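This note is addressed to a colleague who is meeting the structure for the first time. Please read the points below with the sequence and the model side by side.

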Amino acid sequence: MSASSSAAALRPVTHLIFDMDGLLLDTEHLYTVVFEEICGRFGKTYTWDVKSLVMGKKALEGAEIIRDVLDLPITKEELLHESKMKQEKIFPTAELMPGVDKLIRHLHKHNIPIAVATSSAEVTFQMKTARHKDFFGLFHHIVLGDDPEVKCGKPQPDAFLVCAKRFHPPAPPEKRCQEGECTGRKVFPFGLAGRASFSVLSLKIHHLESKEPWQQECKWL
């Protein structure tokens, strides 16, 4: 398919849903610092390969994956507790990603409905956004990882589907929400994307931590 025909196939943007970590907030390296320190204490290395398995997962699920993959001699609950203790100190230092303040304020100024769907739970979200309350106040709504309607974390599409239906008024079915996310991995496998009425546009960019090119995705509802 040519570039022109691909562009013609894209529908007009009516609503936007954003992920938060690594897209709006520069927090991914903070997670790395925390888990490198914990894992290093047991002689283990928290590599990009391990991190890529847990990005987007709910907190306890992510802790279980890290423990199992690295064979850490602690329970997933202990790992999660220790990581949260460290995160309480480091997450409030999170900065906005370059350019996002200008982008979000532009969208808000022009009355484009925008929202956030994140795997972060309420407590973690408050820590990360402590210095950016005005910025996050520009969004129509924010769906968190511990929202009771979000039954499954990523790569399941629950958070984005819940977020999409909370716009007021909601987008008509034929013009649902667009979600743009660049986290360095595929959040939705193609099967799940199709089941959630997503088509996928892939972009290759350079991942800052892995030093390798990764398939980045923009998802379209």
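The numbered points that follow go from the whole chain to one helix, then to one loop residue and to the salt bridges.

1. The model is predicted, and the distances and areas below should be read accordingly. The protein chain contains 10 helices and 6 strands. Of its 221 residues, 46% are buried. Its accessible surface amounts to about 11400 Å², and carbon and sulfur atoms account for 59% of that surface.

2. Contacts across the sequence deserve a remark. When contacts between residues at least 6 apart in sequence are considered, 70% of them join residues at least 24 apart.

3. Helix 5 offers a convenient starting point. It has 15 residues, and the distance from its first C-alpha to its last is 21 Å, close to the 21 Å expected at 1.5 Å a residue. The buried residues of helix 5 are Leu79, Leu80, Glu82, Ser83, Gln87 and Ile90. These residues lie on the same side of helix 5, because the arc they cover around the axis is only 170°. The face turned away from this buried side carries the exposed residues His81 and Lys89.

4. The cover over helix 5 comes from several elements. Among those that cover its buried residues are helix 2 (28-41), helix 4 (59-70) and helix 7 (122-128).

5. A charged residue also belongs to this buried set: Glu82 is listed among the buried residues of helix 5. The side chain of Glu82 meets that of Arg41 in a salt bridge, with 2.4 Å from N to O. Since Glu82 lies in helix 5 and Arg41 in helix 2, the pair ties together parts that are 41 residues apart in sequence. Arg41 itself has a relative accessible area of 48% and is therefore partly exposed.

6. The loop that follows helix 5 should be examined next. Thr93 is located there, between helix 5 (76-90) and helix 6 (100-109). With a relative accessible area of 42%, Thr93 is partly exposed. A polar atom of the Thr93 side chain lies 2.6 Å from the backbone oxygen of Ile90, and Ile90 is one of the buried residues of helix 5.

7. Which residues does Thr93 contact, once its neighbours within four places in sequence are left aside? They are Leu30 and Arg131. Leu30 is 63 residues from Thr93 in sequence, yet the C-alpha atoms of the two are 9.0 Å apart.

8. Arg131 has a second role in the description of this loop. It forms a salt bridge with Glu95, in which the closest N and O atoms are 3.3 Å apart. This pair links distant parts of the chain, 36 residues apart: Arg131 is in the loop between helix 7 and helix 8 (133-136), and Glu95 is in the loop between helix 5 and helix 6. Both partners are partly exposed, Arg131 at 46% relative accessibility and Glu95 at 42%.

9. The structure holds 11 salt bridges. One of them joins the side chains of Arg166 and Glu149 at 2.9 Å, N to O. Arg166 is in the loop between helix 9 (158-165) and strand 4 (178-181), whereas Glu149 is in the loop between strand 3 (141-143) and helix 9, 17 residues away. Arg166 is partly exposed at 22% relative accessible area, and Glu149 is partly exposed at 35%. Together with Asp147 and Lys165, these two residues are linked in a network of salt bridges.

Methods. Residues are numbered from 1 along each chain as its sequence is written. This is a predicted model: local features need pLDDT of at least 70, side-chain atom pairs count only at pLDDT 80 or more; totals for chains, interfaces and linings use all residues. Side-chain values use heavy atoms; hydrogens and water are left out. Helices (H or I, at least four residues) and strands (E, at least two) are DSSP runs, numbered from the N terminus. Buried means under 20% relative accessible area, exposed over 50%, partly exposed in between (1.4 Å probe, protein chains only). Contact means heavy atoms within 4.5 Å. A polar contact is a pair of N or O atoms within 3.5 Å; within protein, one must be able to donate a hydrogen and the other to accept it, and residues adjacent in sequence count only if both atoms are side-chain atoms. Accessible areas come from the Shrake-Rupley method with a 1.4 Å probe; for residues, only the protein chains shown count as cover. The expected span of a helix is 1.5 Å times one less than its number of residues. The arc is that of the directions from the helix axis to the C-beta atoms. A salt bridge is a side-chain nitrogen of Lys or Arg within 4 Å of a carboxyl oxygen of Asp or Glu.
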